[in-house]
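Welcome! Have the structure open beside you and work through these exercises one at a time. Try each task before you read its solution.

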Amino acid sequence: MGQTVIEKILSRHSQNDVRPGQVIWLDLNVRSARDFGGPNVVKNFEREYGKDQVDDPSKTFFTFDLCVPACSIRYANNQQICRKFARKKGFQVFDVDQGIGSHVLIQEGLASAGTTVVGTDSHMNILGAVGSFGQGMGDVDITFAYKTGKTWFEVPETVKVLITGQMSKTASPKDLTLFILKQMGTRKGALRAIEFYGSAVKSLDLSGRITLCSMVTEMAGIIGFIPEYDKTFAEEVEELSGKAYSPLAADEDAEYSDVLTIDVSGLEPQIAAPFLPTNVHDVSELCGKKIDSGFIGSCTNGRASDFAEAARILGRYKVKEGVMLKIVPATRIVYDVLLREGILSELFKSGAIISNPGCGGCAEGHIGLTGEGEVQLSTGNRNFAGKQGKGETYLTSPAVVAASCLAGCITVPEHS
Amino acid sequence: MKSGRVWKYGENINTDVIFPGKYTYSVLDPEEMAGHALEDLDPDFAGSVQPGDVVVAGKNFGCGSSREQAAACLKFAGVQAVIAKSFARIFFRNAINQGLSVIKCPEAVDGISDDEKIAIDFSAGKILAGEKVFSFPPLPDSVIGLLEAGGLIPYTKKKLKGDI
């Protein structure tokens, strides 16, 4: 009997011919923690394992991305606790200059197709974008992974989702993602792997794949894969990571727990209203709602093409007086591309506030927090009450954020 | 078999309201963590919860961030189990790794009221609420092993010593 993508990856890393429902011990190519969770991993490790070494320093990492550089003494202390631990154990830290850990692992070729990766980031399943099995976990799981190089995992079922139809020309990968999230809700893909098929997803570049795969977390799914791809995507990944792109494909006779079809014909720009990511509407339904700020960045929409799209919409115009537009590139490499291509300069001239790379406000980090009553449009992935502050966060695409910051209210970007 | 009071909540209870983000960057003692449990969902919870009490909620309990404190604070507060229609994946793992029982039983969630006294028979897979009895499927054996040992790290230590 054939296997799905996740069954193949998990089989290769557990020496089992795995089936859904089995609980397996999984070998891990990468064991990582962030400045969030990291200090507790250190505390757990020293309490449980004393002065023991980590299983394999070459596969163990810290990736600092939440509050970078530290904006409080508490954060500074936590990061220093992690640095000292890493030096003692002899493993690498991707420090506060590098950007979002999951993106750094892709660019470094550490999270390549077929690998297994864990970290203290609930969006680590973003790595499905490059065919890697990434999974966010808590402090105890990561402590255990540092020590043993393994984790326990229940093999999930897989849902096959066929995306049909052509979106409108104003719709972006984020609009596609929010629409799929609306259709899937938090039940249809819950605790399962999802394989997305169809021309609308096959043609996605790395940035678009990252956007879709990141929000599988909001679908309550384990991870998403997009098995079909164009040659240009393979070349993009190979150039970035320096590794050949050879993902595992599902067998033709693989078994799926469900096969769903989502028709995206004529799809228009989408927006998720407070306070649930699944609360998705057409942007046109909310047009005219006054906004105070815009945030472009996060692991979901922090790639160069996201900022290029925002710059294109902003053009030579300035954001409306009284509106803040916050820009946070995902990584140092993205930042470099934006610098070289003059995009940062264009955004700056439009009145944007440009931050160094990182997660921004998603987990009460730096830029992107809201005050009581503040209405913020964000390209992030969660809008739970209190998540980024006391304000209201709407989730949408870089183009909608940019257009709305010009108008001072929620606006559908014009197609040019 | 321990009995306790039910604290019933709705759907999509996320980790931000189970354990607020502002405390996650400090390394706290168990008692301090228990004191902030469900702070932004139910300010009365932490002050009144008793050992053996049960949290009952709708689908997707524990969605959101990977913070382990969300599971740990409930365990340290004395909660014997969380019964929900479904759990978010990371919370579910964290709970088991921390030795906090998690029970998926939609019928019980619909049939149990807030403040009711209930008892849980884990070996029989039954929830007893007055006259009502709800059955839940047992967890896989290997996962029960983790729970019974008190979580992931104690489990593997015992295993290495040959006690399991």
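**Exercise 1. A pair across two strands**

Which residue in β4(A) does Thr63(A) stand opposite?

Solution. Keep in mind that you are looking at a predicted model.
- Step 1: Find strand β3 of chain A, which covers residues 60-63.
- Step 2: Follow its pairing with β4(A), which runs in the parallel sense over three bridges.
- Step 3: Look across from Thr63(A), and you meet Phe94(A) in β4(A).

**Exercise 2. The whole sheet**

Place these two strands in their sheet, and find its edges.

Solution.
- Step 1: In chain A, the order β4-β3-β2-β5-β6 gives an open sheet of five strands with parallel pairing.
- Step 2: Go to the ends of that order: β4 (92-94) and β6 (133-136) of chain A are the edge strands, as each pairs on one side only.
- Step 3: Consider the twist. On average, and with direction ignored, neighbouring strands are turned by 20 degrees against each other.
- Step 4: Add a helix. The sheet has α5(A) packed on it, in touch with β2 (30-34), β3 and β5 (116-119) of chain A. The directions of α5(A) and β2(A) make an angle of about 135 degrees.

**Exercise 3. Where chain A meets chain B**

Describe the contact between the two chains, starting with its residue counts.

Solution.
- Step 1: Chain A brings 35 residues to the contact and chain B brings 32 residues.
- Step 2: On the chain A side, the elements giving two or more residues are α2 (38-49), α3 (73-89) and α5 (139-148).
- Step 3: Here α5(A) turns up again: with five residues, this helix gives the most to that side.
- Step 4: Sorted by class, the chain A side holds 14 nonpolar, 10 polar and 11 charged residues.

**Exercise 4. Domains within chain A**

Locate the domains of chain A, then examine how domain 2 touches domain 3.

Solution.
- Step 1: Mark domain 1 (5-154), domain 2 (158-263) and domain 3 (271-407) on chain A.
- Step 2: Taken over C-alpha atoms, the centres of domain 2 and domain 3 of chain A are separated by 23 Å.
- Step 3: Their contact takes 16 residues from domain 2 and 18 residues from domain 3 of chain A.
- Step 4: On the domain 2 side, α6 (173-184) and α8 (206-214) of chain A are the elements that give two or more residues. The largest share, six residues, comes from α6(A).
- Step 5: By class, this domain 2 side has five nonpolar, six polar and five charged residues.

Technical notes. Residues numbered from 1 in each chain as written. Chains lettered and ligands numbered in written order. Predicted model: local features only at pLDDT ≥ 70, side-chain atom pairs only at ≥ 80, totals over all residues. Contact = placed C-beta atoms within 7 Å. Helix = DSSP H or I, 4+ residues; strand = E, 2+ residues; numbered from the N terminus. Nonpolar A, V, L, I, M, F, W, Y, C, P; charged D, E, K, R; others polar. Pairing = 2+ DSSP bridges. Axes fitted to C-alpha atoms, helices over the stretch in contact; angles between N-to-C directions. Domains from an automatic or database assignment.
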